[in-house]
Structures are given as C-alpha cells and as structure tokens.
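Student: Please take a close look at a single part of this model, the one where its strands pair side by side, and then relate that part to the rest. I would like the terms explained as they come up.

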Amino acid sequence: MAAADVRIFPALKELSESAAERISEIAEGAAAQGKNAAVALSGGGTPRALYELLSTGRFARRIPWDRLQIFQVDERVVPPDDAQSNYRMIRQALLDRVPEAAAHFHRIAAERQDLEWAANEYAEEIRAELSPSPNGWPRFELILLGMGDDGHTASLFPSTHALDEAGRVVVPNFVPRLGVSRVTLTFPVLNAAAEVIFLVAGAKKAPRLKDVIEGPPGSCPAQRVRPVSGRLSWYVDEAAAELLSGRQRKGS
Ligand code: 6PG
C-alpha cells in the first residue's frame, strides 16, 4: 500500500478523542455550508469509547446533530436488543444519551426474516438521504471502519460472497466461518466516501495491521478499501502499531 496516512496514538483514549474531533469538524463544516453530513458507524468493540465520548458535554454540545445523518456500516442478524447487536451498542453508548443524535439515526432492520428486503430498504434510505458521488454511488462524508484480526472490515469477511458485490449499496452476507449472516455496506459505497477512517486498537491486531499497511496489495478485505476520490486514514494505538516499520511510524 502507498504510504498510508497512519496516525499512531498512545492508547484508545487519545485515538477516540482525535476521531471525535474529526467527526465534529465534519459536522461543523457541513453546518457552515447549510448542508447535512452523512456518517456511517461501525460496530464491534473498538468504537464504543468514541461513541461514549461523543455523548459527553464536550462534544454533545459542540456537534450540530441536526446536520448529521447517522447510518450503520453493518449489522448482525439478531434482534435490536440482542447483546450482539451493533445498534444496541451504538444506542447504549450514544443514542440514549443524545436524543438529537437518535433523531437522525438510520437503523439496519437486520432482524427481519427477509434480509434481501432489509438490505434493499436500507439502501433506499441511504440513497434518499445522500447525494451521489461522481460515479453515482451514494457518498458518505465519513465512514468509520474497524478491522478484524482476519482482515475483515464492515461485514466483508474473507472468502464471502459480498466481497465481489459491484452493483448494490447494501447486501446480506453469509459468513461460513461464523455460521451467521450479516447485513453490510459494500466496497463500492465504502470507496465512494469522501473520507474513511479505520479505528484499530490492541496488540491482537498488530500482525494483520502490518500486513495490510505494509504488505503487498492482497485480497484482504481491509486492503480493498481505497476511496476513489476520498481520504483514507488509519487511527491506531501503539499496541496495534507495534510491528509497523519506522517509515509508517514517522506519520504519527
Ligand atoms: C462488526 C463490525 C466489524 C468490526 C471488526 C472489528 O459488526 O463487528 O462492524 O467490522 O469493525 O470486527 O471489531 P472490534 O472493534 O471489536 O475489534
């Protein structure tokens, strides 16, 4: 991968603060132009601290929430109050604490029996709210992604059907390794974004992060996130960055 924009932070706290700052800037920028900004939030564990931080006075009072349309990157096929639900995590960390954010939140109804319907319904919601990118895909101002230690991102797992999706915005994706289905944004949408930030923390991620950032271009899903006309940054903590070479570390 060309010299990526890798920002190394001492720990998850500082990483989350920087990400919260960036989200605030994007929302303030949109508001200053009288526009809305669409952001897509990942689930999993890493971003929880960020979402909780966004709900504290420092950011909750600063962010023009009425200018932020908040979407999900992906969702597990479970009820919305299930412990595995990404929506439940985002609701607990942010939406229950900031009603203004909840008012502009768009949930993936992944509990539905008909996942194709749920995916198409969500894609319509996205298209209705977002303006298209030059190549016609709905363009998020910001997409926050995580990365699994297998290199998956969103619910785009290695060797799964959705990796090759080139025509749809949102698809169901069966993940054999987990034996479950997910609903996820697809690569064309991720790569149509104005800005993508990966949030990666913890020593467990270090080998895969080195592969993705410094290894040869491969088929690893996280390596296939390359915004066509947008900015890609990696916000990582020291533990995850442990194996990166000096070259990358100069960026911090
Ligand atoms: C999900 C996420 C997924 C996540 C990675 C990293 O539904 O789990 O969207 O892509 O970002 O699995 O998860 P952690 O942050 O928990 O390591």
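**The paired strands and their surroundings**

Tutor: The accessible surface of the chain comes to about 10,600 Å², and 50% of this belongs to carbon and sulfur atoms; such areas come from the Shrake-Rupley method with a 1.4 Å probe, and for residues only the protein chains shown count as cover. This is a predicted model, in which local features need pLDDT of at least 70 and side-chain atom pairs count only at pLDDT 80 or more, while totals for chains, interfaces and linings use all residues. Residues are numbered from 1 along each chain as its sequence is written, and side-chain values use heavy atoms, with hydrogens and water left out.

Before the strands, the whole chain deserves a word. Its secondary structure comes to ten helices and nine strands, where helices (H or I, at least four residues) and strands (E, at least two) are DSSP runs numbered from the N terminus. The radius of gyration is 17 Å, which agrees with the value near 18 Å that a compact globule of 252 residues would have; the radius is taken over C-alpha atoms, and the globule rule is 2.2 Å times the number of residues to the power 0.38. Along the principal axes, the C-alpha atoms fill a box of roughly 45 × 40 × 40 Å. Of the 252 residues, 53% count as buried, a term that means under 20% relative accessible area, whereas exposed means over 50% and partly exposed lies in between (1.4 Å probe, protein chains only). Among contacts in the chain with a separation of 6 or more, 75% are between residues 24 or more positions apart, contact being heavy atoms within 4.5 Å.

Now to the part you asked about, beginning with strand β2. Five of the five residues of β2 (residues 37–41) are buried, so this strand is largely enclosed by the rest of the structure. A37, V39 and L41 point one way from β2, while A38 and A40 point the other way, and all are buried. Strand β2 runs parallel to strand β3 (residues 68–72), to which five bridges join it; two strands pair if DSSP finds at least two bridges between them. In this pairing V39 stands opposite I70 of β3. Two bridges also join β2 to strand β5 (residues 142–145), again in the parallel sense, and here A40 stands opposite I143 of β5.

Strand β5 in turn pairs with strand β8 in the parallel sense over three bridges, with L144 opposite I197 in β8. Strand β8 (residues 195–200) is mostly covered, since six of its six residues are buried: E195, I197 and L199 point one way from β8, and V196, F198 and V200 point the other way. On to strand β9 (residues 231–237), β8 pairs in the parallel sense over six bridges, and the bridge partner of V200 in β9 is V236.

V236 leads from the strands to helix α1. Its C-alpha atom is separated by 7.9 Å from that of L12, although the two residues are 224 apart along the chain. L12 is found in helix α1 and is partly exposed, with a relative accessible area of 28%; not counting residues up to four places away in sequence, L12 touches T46, A49, A201 and D237. S16 lies in the same helix, α1 (residues 12–32), and is buried at a relative accessible area of 3%. Leaving aside its neighbours within four places in sequence, S16 is in contact with A49, L50 and L53.

The loop between β5 and β6 (170–175) holds A154, which has a positive phi of about 50° although it is not a glycine. At 9% relative accessibility, A154 counts as buried. S159 is also placed in the loop between β5 and β6, and its phi, near 60°, is likewise positive in a residue other than glycine; S159, however, is exposed, with a relative accessible area of 73%.
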